[in-house]
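Hi everyone, thanks for coming. Could you bring up the model on the screen, please?

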Amino acid sequence: VSGRVQGVWYRKYTKEKADELGIGGYVRNLPKREVEVVASLKEEQFDDFLSALKKGPPLARVDNIDIEELNEEYEGEFEIVR
């Protein structure tokens, strides 16, 4: 996720949305002022989660989201990785 997504509570917002939807995985800041979100979710959860990621918290501005499908599953709680 790129745009103004660091220092604006984007990771906390993402975790809250993932927890609401019952999604596992993690979110972390990347060196190039981007945020990486890895989520293990069901197909029916995808649109709701993607919409939340596009919106972000009030101070964020999301310019782009690159999506890549992975063959990994993350069990348990969604985490903020530091």
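Before we start, two strands count as paired if DSSP finds at least two bridges between them. Strands here are DSSP runs of E of at least two residues, and helices are runs of H or I of at least four, both numbered from the N terminus.

This is a predicted model, where local features need pLDDT of at least 70, side-chain atom pairs count only at pLDDT 80 or more, and totals for chains, interfaces and linings use all residues. Numbering starts from 1 along each chain as its sequence is written, and side-chain values use heavy atoms, leaving out hydrogens and water.

Okay, so find β2, residues 24-29. Its pairing with β3 is antiparallel, over 6 bridges. In that pair, Gly 25 sits opposite Ala 39 of β3. The two strands make a hairpin with 5 residues between them, and Arg 33 in the turn has a positive phi of about 65 degrees.

Now, which strand does β2 run parallel to? That's β5, joined to β2 by 3 bridges. There, Arg 28 has Val 81 as its bridge partner.

Put together, you get an open sheet of 3 strands in the order β3-β2-β5, with mixed pairing. β3 and β5 (79-81) are at the edges with a single partner strand each, so one side of each has no neighbour in the sheet.

That's the sheet, then. Residues by class count Ala, Val, Leu, Ile, Met, Phe, Trp, Tyr, Cys and Pro as nonpolar, Asp, Glu, Lys and Arg as charged, and the others, Gly among them, as polar.
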